[in-house]
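Let's take a walk through this one, going from the overall layout down to individual side chains. Keep the viewer open and follow along.

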Amino acid sequence: MRGAIRLNGLKFPVGISNFTKIRERGYCYVDKTSMITEILKSCISKTILITRPRRFGKTLGMSMLADFFDVRRDSSKHFAGLAIAKHTQICNQWMNQYPTIFVSLKDVDGISFQDACAQLSLQFADLYKEYAFLLDANNIDNDDRNIFQKIKAREASLPDLSRALSTLMKMLNTYYGKPVILLLDEYDVPIAKASSHGYYTEMMNIIKPLLSTSLKDNPNLCFALITGCLRIAKESVFTGTNNFISDSIVRSNLKESFGFTQNEVDKLLEEANAEAYAETIRTWYDGYHFDAADVYCPWDVISYLYDLQRNPQAKPVSYWRNTSDNSIIRSFIDYASGNITEKLETLLAGGFIVQKVDDSLTYDYLHSSEENLWSVLYLTGYLTKVRDDALSAAIPDSYSALMIPNEEIKEIYETTVMKWFADSAQASNRKALFAAVWSGDSEMLTKEMTKLLRMTISYHDYREDFYHAFLAGIFTGAGYVVESNREHGEGRSDVVVKDIRNGCIAVFEAKYAKTLNKLQDACDLAIDQINKRSYAEDFQDDYDDILCYGIAFFKKRCLVKRK
């Protein structure tokens, strides 16, 4: 973790999600304790599932709740001056009054099921060590005590591991004489990892009983809060759960509890003497709509302010990209159709698409329809809803107008997602294209290159550097030496491809046509530049066959001519 730097007395908690540490060490904290009153209003519901994108403060929120409810703590000083302290009746009745389990599954990962199980076993062993005092209690059942010792020592069987939460809840209720508050953070991470690595069924055989024994008809449960990115529906892990409520970005009673509101950001910037950066922060990190609330990504805001403390000239960057698991998004690229490609281009051009959104998905059926792609992009923060008042016509029920929320996410699309599409195109069969290059068949080369071009993502400005990178990328990794913008003759040709083994070389000069009917002229201009600047002369002594091509692009069209 990077050390804290002060600005106007503020310490920004980059990388810290522990509420107690933030309050005791004087880090900046945006008050979200009003969440407590909202949750207790819903206490008639024994289970609340909160789904939000990564890095929107779920873990910090759960840490705050654990500090407030846990009977083992004395937390009044941590909440002094915060919104919840005004509710004295709630504080007297609930603060540090209930046995509370707070555990996160965010680190349960592994290439294999065995690796993931080892991580899960370690996670529960560490949790059980916090409650080692239960082993000395006279009123604890001996069988439960034996299971406790096995879990704590990482020697538990899979059935015992799958009941680790319910066993601990039973023992705590027996010890304190009060039902348990369960706070389970990032419950779906092991499921997502299992889906990515091919042991989905095995992992679900643990997660399903872990949740069902904890949540369904459990007399030891006071209430449970569970967080994750997606609601797992078809696996029925929550089926039959008593008084279940799903709180998502679509429908929420906690809409301002995760993410920073405009008022909160304004106050933070004022305290940090950073109002001059308000517009930059809004453009880059605002734009998310959770139900009726407009919020910023808190991780980004805090990270950027932290960087500004070190360097007032710091430019905004994509902090979110470096912390988010993009494997779900990446997995859709292989399924991409032309329709998906066109919609992504619309989004990158600043437009919106109208799609049906389902906030109850399942990892093993994610790729069953294109519809799921847009739902996943929306639920994981890569897209957001367009406000109704910004639309000229009403959207049908169950459909949403979706757009890219801000500059940060747009940059992720422009780099990460577009690169994935380029990689996908690169992996396609290019033998016909290569054969056309070395045989001098410009007509076939035009046909094959256009085919590849239509597999990639581009958008409205169609910058020349996009086509330059596309052209170089076609030959990269195919056994050729590829040079870009290297000086040859009297200038710099765009791309040079060398087939050293066969003594062949291809020189490409690329141009962009502003209209379709200018494609021919742009191609002729490229050929003329090759001639005037003598690009081929440097290779005459070393290569037997030198082929020079002018290539012109217009959107998803291209024309190739040989000199």
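**A tour of the fold**

Before anything else, keep in mind that this is a predicted model. The chain has 563 residues, and buried ones make up 55% of them. Its secondary structure comes to 22 helices and 21 strands. Take the contacts between residues at least 6 apart in sequence: 73% of those join residues at least 24 apart.

A good place to start is the open sheet of five strands, which runs in the order E4-E5-E6-E3-E8 with parallel pairing. Strand E4 (100-104) and strand E8 (244-247) are the edges, each pairing on one side only. From one strand to the next, the twist averages 10 degrees. As general background, strands of a sheet pair through backbone hydrogen bonds, in either a parallel or an antiparallel way.

Zoom in on one of those pairings. Strand E5 (residues 180-185) and strand E6 (residues 221-228) run parallel and are joined by five bridges. Look for Ile 181, whose bridge partner in E6 is Phe 223. Packed on this sheet is helix H3 (residues 58-69), which touches strand E3 (47-51), E4, E5 and E6. The direction of H3 makes about 165 degrees with that of E5.

Now step back along the chain to the loop between E3 and H3, which is where Arg 55 lies. Arg 55 isn't a glycine, yet its phi is positive, at about 65 degrees. With a relative accessible area of 34%, Arg 55 counts as partly exposed, because that value falls between the 20% and 50% cut-offs. Ser 534 has a positive phi as well, about 55 degrees, and isn't a glycine either. You'll find Ser 534 in the loop between helix H22 (519-532) and E20. This serine has a relative accessible area of 15%, so it is buried. A glycine with positive phi turns up too: Gly 440, near 80 degrees, follows H19. Helix H19 itself spans residues 431-439, and its buried residues are Leu 433, Phe 434, Ala 436, Val 437 and Trp 438.

Next, a helix pair. How do H9 and H11 lie relative to each other? The axes of helix H9 (residues 164-176) and H11 come within 7 Å and cross at roughly 25 degrees. Angles under 35 degrees count as roughly parallel, and H9 and H11 are therefore roughly parallel to each other. On the H9 side the contact is made by Ala 164, Leu 165, Ser 166 and Met 169, while H11 brings in Leu 210, Thr 213 and Ser 214.

Time for the rings. The model holds 31 aromatic pairs. One of them joins Phe 113 and Tyr 199: the ring centres are 6.1 Å apart and the planes stand at 55 degrees, so this pair is tilted. Phe 113 sits in helix H6 (residues 113-129) and Tyr 199 in the loop between helix H10 (189-197) and helix H11 (200-215), so the pair ties together parts that are 86 residues apart in sequence. Phe 113 has 15% relative accessibility and counts as buried, and Tyr 199, at 4%, counts as buried too.

Compare that with Phe 470 and Phe 553, an edge-to-face pair with 6.2 Å from centre to centre and 85 degrees between the planes. Phe 470 belongs to helix H21 (residues 464-475) and Phe 553 to strand E20 (residues 545-554), so this pair ties together parts that are 83 residues apart in sequence. Phe 470 counts as buried at 9% relative accessibility, and so does Phe 553 at 0%.

Ring pairs can also chain up. Phe 19, Tyr 29, Phe 68, Phe 69, Phe 79, Trp 94, Tyr 98 and Phe 223 are linked by them into a cluster. You've met Phe 223 already, as the bridge partner of Ile 181. Tyr 98 in this cluster also has a charged neighbour: Lys 178 lies over the face of its ring, 5.1 Å from the ring centre. A similar arrangement shows up at Tyr 27, where the charged end of Lys 11 sits over the ring, 4.5 Å from its centre.

How values were computed
Residues numbered from 1 in each chain as written. Predicted model: local features only at pLDDT ≥ 70, side-chain atom pairs only at ≥ 80, totals over all residues. Heavy atoms only, no water. Phe/Tyr/Trp six-rings, centres within 6.5 Å; stacked < 30°, edge-to-face > 60°. Helix = DSSP H or I, 4+ residues; strand = E, 2+ residues; numbered from the N terminus. Buried < 20%, exposed > 50% of the residue type's maximum accessible area, 1.4 Å probe, protein only. Lys NZ or Arg CZ within 6 Å of the ring centre and 35° of its normal. Pairing = 2+ DSSP bridges. Axes fitted to C-alpha atoms, helices over the stretch in contact; angles between N-to-C directions. Contact = heavy atoms within 4.5 Å. Parallel < 35°, antiparallel > 145°, perpendicular 65-115°, else oblique.
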